[in-house]
Amino acid sequence: MSKVKVLFVCLGNICRSPLAEGIFRQRVEERGLSDRYEIDSCGTAAYHIGKQPDSRSMANAKKNGVLYNHSARQFEVDDFHNFDVILPMDDSNYEDVISLKPRDSRARVVKMRDYDNLGNGSDVPDPYYGGEKGFQEVFDILDRSVNSLIDSLELRIKN
Ligand code: 4NP
């Protein structure tokens, strides 16, 4: 069976989307599903290309039992052909991604919090300028969203 290719997108690719990628990677591993997925993340902006994830995000994730790393890259039009599901973190990321979508792309673009039972389709807030509480809030939002995203993808794979 071919792998499902999942891409998480935020603005800088140093806070939200690499964390979403890291949580997804860990949760599929815990469920014994790692070989079914290809996972990556990127940002709509170019500011942080090549940088490691925000150290505050990584420290908070570690407290929650999730270790990850990533080198930031910018979203590119080819991603529409290389990924099946593209998950922007907020409305602004969603609009930026959709505005580049080629007509022949079959990729699904779904806002991350559409998978959050407590989210009502709202944004994953940007924790960049906030404190520790913000990082934990983002971790909890992403963990809920990632788990129900995996549930939903697994149902599609089986059916
Ligand atoms: P991210 O957070 O989009 O979750 O990676 C941000 C990181 C950096 C900036 C904005 C958001 N920035 O303006 O540099």
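Strand β3 has V85 and L87 pointing one way and I86 and P88 pointing the other way, and all of them are buried. That pattern fits what you'd look for in a strand, since side chains in a regular strand alternate between the two faces of the sheet. Keep in mind that this is a predicted model.

**The sheet around β3**

So which strands does β3 sit with? The sheet is an open one with four strands, ordered β2-β1-β3-β4, and the pairing is parallel. β2 and β4 (108-109) are the edge strands with a single partner each, so each has one side left without a neighbour in the sheet.

Going along the sheet, β3 covers residues 85-88 and is joined to β1 by four bridges, with the two running parallel. On the other pairing, two bridges join β3 to β4, again running parallel. β1 and β2 (residues 37-43) also pair in the parallel sense, over seven bridges.

If you want to click through the pairings residue by residue, here are some of the bridge partners:

| Residue | Bridge partner | Strand of the partner |
|---|---|---|
| V4 | Y37 | β2 |
| F8 | S41 | β2 |
| F8 | L87 | β3 |
| V9 | P88 | β3 |
| I86 | V109 | β4 |

F8 is a handy landmark here: S41 is its bridge partner in β2, and L87 is its bridge partner in β3. I86, for its part, links up with V109 in β4.

**β1 and what follows it**

How much of β1 is covered? Strand β1 takes in residues 4-10, and six of its seven residues are buried. Together with helix α1 (residues 16-30) and β2, β1 makes a right-handed β-α-β unit.

Within helix α1 you'll find G22. G22 counts as buried because its relative accessibility is 5%, against a cut-off of under 20%. For a sense of scale, the C-alpha atoms of G22 and H81 are 22 Å apart in space, with their positions 59 residues apart in sequence.

The loop between β1 and α1 holds N13. N13 has a positive phi of about 60°, even though it isn't a glycine. That's worth a second look, because most residues other than glycine have a negative phi. N13 is also buried, because its relative accessibility is 0%.

N120 makes a nice counterpart. N120 isn't a glycine either, and its phi is positive at about 55°. Is N120 buried or exposed? N120 is exposed, because its relative accessible area is 81% and the cut-off is over 50%. You'll find N120 in the loop between β4 and α5 (132-158).

**Helix α5**

L149 lies in helix α5. With a relative accessible area of 0%, L149 is buried. The C-alpha atoms of L149 and V110 are separated by 10 Å, while the two residues are 39 residues apart along the chain.

**The ligand site**

Now for the part you may want to zoom in on. Which residues are around the ligand? There's a run of them, C10, L11, G12, N13, I14, C15 and R16, and then Y47, H48, D126, Y128 and Y129. So the buried N13 with the positive phi turns up again, as one of the residues around the ligand. By class, this shell has seven nonpolar, three polar and two charged residues.

Three polar neighbours of the ligand stand out for a closer look. A polar backbone atom of G12 is 2.8 Å from an oxygen atom of the ligand. R16 comes in with its side chain instead, where a polar atom lies 2.8 Å from an oxygen atom of the ligand. The side chain of H48 has an N or O atom 2.8 Å from a ligand oxygen. How much of the ligand does the protein cover? On its own the ligand has 350 Å² of accessible area, and the protein covers 91% of that.

Definitions and conventions. Residues numbered from 1 in each chain as written. Predicted model: local features only at pLDDT ≥ 70, side-chain atom pairs only at ≥ 80, totals over all residues. Heavy atoms only, no water. Near = heavy atom within 4 Å. Polar contact = N/O pair within 3.5 Å; in protein donor to acceptor, adjacent residues only side chain to side chain. Areas by Shrake-Rupley, 256 points an atom, 1.4 Å probe, with all protein chains shown as cover. Nonpolar A, V, L, I, M, F, W, Y, C, P; charged D, E, K, R; others polar. Buried < 20%, exposed > 50% of the residue type's maximum accessible area, 1.4 Å probe, protein only. Pairing = 2+ DSSP bridges. Right-handed = clockwise from strand over helix to strand, strands pointing away.
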